[in-house]
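Biologist: Could you take a close look at one part of this model for me? I'd like to hear about the nonpolar patch on the surface, and what sits around it.

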Amino acid sequence: FCTLLDIINIIHQFFLLQSMAFCFSFPRRSLSRSLEAMSPDAVAVALMKLPGWRYTPAHTSGGKATLFKEFTFRDFHEAWAFMSAMVPHINAADHHPEWFNVYNRVQVTLTTHDVGNAVSFKDISIAELMEAEKDKLVASSNHHHKQ
C-alpha cells in the first residue's frame, strides 16, 4: 500500500513532468535561437543554490565549460534509481548529461553543445532537477529504512 509520502511524491512528479512538458513544448528551432551561454558571473550566482556543483570555465578545460558533481548514494540500487528517475526529465528537456556510475557514485558533467560547449540555463535546470530528485530519493530511502 502507498504511504502519504509516496502519494505526495507521485503528485509532485506529475506536476513536475507537466511543467517540464510545457516549458519544452515550444518548437525546438525557436528554443535553440534563444539559448545562450551564461556568463561566469551568472553561473556563479546560479551555483549558490546548487551545493557541491563545480564550474570549470572553457579556458581551463580545452574550450569546454562544464558543471560537475559527484553524487554519493547508499548503494548501487539507490544510485541506479536516481539515474532512472532522471530519464523522463532529461528526455523532456532534450538535454543529456555525461554521467558515469560506479557502485554508489554517479558523476555528472553538464555542458550545452548548442552554444559552443558552454554552460546554459539548460544545464542549471538539469542540475536543479537532479538535486530535487536526489533529495526526494534520499528522503524516501531514509523513510523506508526506518520502518
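Modeller: Sure. Keep in mind that this is a predicted model. The nonpolar surface patch covers about 530 Å², and the residues that make it are Phe76, Trp80, Phe100, Val102 and Tyr103. Two elements give two or more residues each to that patch: helix α4 (76-93) and strand β3.

Take Phe100, which lies in strand β3. Its relative accessible area is 48%, so Phe100 counts as partly exposed; the exposed class begins over 50%.

Now follow β3 along. Strand β3 (residues 98-102) pairs with β4 in the antiparallel sense, over five bridges. Within that pairing, Trp99 has Val108 of β4 as its bridge partner. The two strands form a hairpin with two residues between them, and Tyr103 sits in the turn with a positive phi of about 45°. So there's a nice link back to where we started, since Tyr103 is also one of the patch residues.

On to the next pairing of β4. Strand β4 (residues 105-110) also pairs with strand β2 (residues 66-72), again in the antiparallel sense, this time over six bridges. Here Val108 of β4 stands opposite Lys69.

For contrast, have a look at Val43, in helix α3 (residues 40-47). Val43 has 1% relative accessibility, so it counts as buried. Setting aside neighbours within four places in sequence, Val43 is in contact with Met38, Tyr55, Leu67 and Val119. The C-alpha atoms of Val43 and Ile124 are separated by 8.1 Å, although the two residues are 81 residues apart along the chain.

How values were computed: Residues are numbered from 1 along each chain as its sequence is written. This is a predicted model: local features need pLDDT of at least 70, side-chain atom pairs count only at pLDDT 80 or more; totals for chains, interfaces and linings use all residues. Side-chain values use heavy atoms; hydrogens and water are left out. Two strands pair if DSSP finds at least two bridges between them. Helices (H or I, at least four residues) and strands (E, at least two) are DSSP runs, numbered from the N terminus. Patches are made of residues with over 30% relative accessible area and no salt bridge: like charges are joined within 9 Å, nonpolar side chains (Val, Leu, Ile, Met, Phe, Trp, Tyr) within 5 Å. Accessible areas come from the Shrake-Rupley method with a 1.4 Å probe; for residues, only the protein chains shown count as cover. A salt bridge is a side-chain nitrogen of Lys or Arg within 4 Å of a carboxyl oxygen of Asp or Glu. Buried means under 20% relative accessible area, exposed over 50%, partly exposed in between (1.4 Å probe, protein chains only). Contact means heavy atoms within 4.5 Å.
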